[in-house]
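Biologist: Please give me a close look at the surroundings of the ligand. Keep the sentences short, and explain each term as you go.

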Amino acid sequence: MTDTITIRRPDDWHVHLRDGAMLEAVAPFTARQFARAIIMPNLSPPVTTAASAAAYRDRIMAALPEGTDFTPLMTCYLTDDADADDIAAGHAAGIFTAAKLYPANATTNSAHGVTDVAHIMPVLERMQDIGMPLLVHGEVTDGDIDIFDREAVFIERVLKQLIAALPDLKIVFEHITTEQAVQFVDSCGPNIAATITPHHLHINRNAMFAGGIRPHAYCLPVAKREQHRLALRKAATSGSPKYFLGTDSAPHEIHAKLSACGCAGIFNAPYALESYAAVFEEEGALDRLEAFASEHGPNFYGLPLNEAMVSLERSNIHVPDDMESAGSRLVPFHAGSDLHWRIL
Ligand code: DOR
Ligand code: ZN
């Protein structure tokens, strides 16, 4: 039995670090585990310009201990008024790595999101020309579509048309949750990839209702039926270069989760790699963890692989019920249970 795994230092290709006190509370967890991370721009107000992204990047670095080896990769929040010139200039200047499409009102702080992809076609054309990846929150928001069907309907109504119109645009279908998404990504060319979160690999929708309502298992896209979780596990551990690590760690203060209208988001940053390792071990695929966590992402984005290495050892860790950090009280994913790999 393998007792130690040594892999290249991984990157997180989708994370919410927030701002202010919450940023101080959560950024060190991500920087401890990952060399680089794609930083989501859904602040309030959202990060829509290269200037605001550069300022946010500085605040992230200021929230970390001096000398921390961590690179935030910034993204632009697309709105109906997105400016192709500013986005292309921000990309050329090394400020924007990618741009994020939130359908308006799909999730946390997405009220300024795109109401119709037709409005941003000139921006997407420019992104295709310059090789800048588009990151997609793939859910329709129509009230008549069942919440569990929103991702599958998005593929049919939006994504297929988008790819037909812009066949060379690099697209990351973020935090996929369904077997339809896996089948679709598999059927596309190499410019279409997907991130998969640890929580969608561990839980299905029953977790939200296990013995009562469980707000800490609620995120968007919402976890689906077991058949979908199994399809995601197969995709993540398949060795396909189209799938890579993106935690979607999305912290909310405990009072914002435990509310009559609780926020969507699972805070998995503290034990993310340990959580993925559990899945890869259960699937008999520990030898593929490194490719998923540390190679497929940089290869898709055209960035160098990290040189540093990290080791995990087989060792029990008990995940606390909650964590106090820089004045915030947060409930981590796997709260109260044990994980069996530990970062050395
Ligand atoms: O669960 C989620 N939380 N999904 C998202 O898309 C956004 C995120 C957040 O920012 O809280
Ligand atoms: Zn997210």
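Modeller: Start with the vocabulary: helices (H or I, at least four residues) and strands (E, at least two) are DSSP runs, numbered from the N terminus. With that in hand, Pro 45 can be placed in the loop between strand 3 (36-39) and helix 2 (50-62). This is a predicted model, in which local features need pLDDT of at least 70 and side-chain atom pairs count only at pLDDT 80 or more, while totals for chains, interfaces and linings use all residues. Residues are numbered from 1 along each chain as its sequence is written, chains are lettered from A and ligands numbered from 1 in the order in which they are written, and side-chain values use heavy atoms, leaving out hydrogens and water.

Now the ligand. How many residues surround ligand 1? There are 13, where a residue is near a molecule if one of its heavy atoms lies within 4 Å of it. The closest are Arg 18, Asn 42, Thr 108, Leu 220 and His 252.

Next come the polar contacts (pairs of N or O atoms within 3.5 Å; within protein, one must be able to donate a hydrogen and the other to accept it, and residues adjacent in sequence count only if both atoms are side-chain atoms). An N or O atom in the Arg 18 side chain sits 2.8 Å from an oxygen atom of ligand 1. For the side chain of Thr 108, the corresponding distance is 2.9 Å. For a polar side-chain atom of Thr 107, it is 3.0 Å. Taken alone, ligand 1 exposes 290 Å², and the protein buries 99% of that. Such areas come from the Shrake-Rupley method with a 1.4 Å probe; for residues, only the protein chains shown count as cover.

Look at Arg 18 again. It lies in the loop between strand 2 (12-15) and helix 1 (20-33). Its phi is positive, about 60°, although Arg 18 is not a glycine. Is Arg 18 buried or exposed? It counts as buried because its relative accessible area is 13%, and buried means under 20%, exposed over 50%, partly exposed in between (1.4 Å probe, protein chains only).

Arg 18 also leads to His 252. These two residues touch, where contact means heavy atoms within 4.5 Å. His 252 belongs to the loop between strand 9 (243-245) and helix 9 (254-257). With a relative accessible area of 11%, His 252 is buried. Its side chain reaches the backbone oxygen of Ala 264 at 2.7 Å. Not counting residues up to four places away in sequence, His 252 also touches Met 22, Thr 108, Lys 257, Cys 263, Ala 264, Gly 265 and Leu 330. Thr 108 therefore appears twice: it touches the buried His 252, and its side chain makes a polar contact with ligand 1.

Now take Leu 220. It is one of the closest residues to ligand 1. The peptide bond from Leu 220 to Pro 221 is cis, with omega near -10°. Pro 221 lies in the loop between helix 7 (198-202) and helix 8 (226-236). A cis bond also runs from Ser 44 to Pro 45, with omega near 0°.

Leu 220 touches Ala 106 as well. Where is Ala 106? It is in the loop between strand 5 (96-101) and helix 4. Ala 106 counts as buried, at 12% relative accessibility. Leaving out residues up to four places away in sequence, Ala 106 touches His 137, Glu 139 and Thr 141 too. Ala 106 and Met 40 are 66 residues apart in sequence, and their C-alpha atoms are 14 Å apart in space.

Helix 4 (121-130) gives a way outward. The buried residues of helix 5 pack against helix 4, and also against strand 6 (134-136), strand 7 (171-173), helix 6 (179-187) and strand 8 (192-196). Among those buried residues of helix 5 are Val 153, Phe 154, Ile 155 and Leu 162. Helix 5 (residues 150-165) bends by about 40° at Glu 156; the bend is the angle between axes fitted to the seven residues ending there and the seven starting there.

One last residue has a positive phi. His 175 is in the loop between strand 7 and helix 6. Its phi is about 35°, although His 175 is not a glycine. With a relative accessible area of 2%, His 175 is buried.
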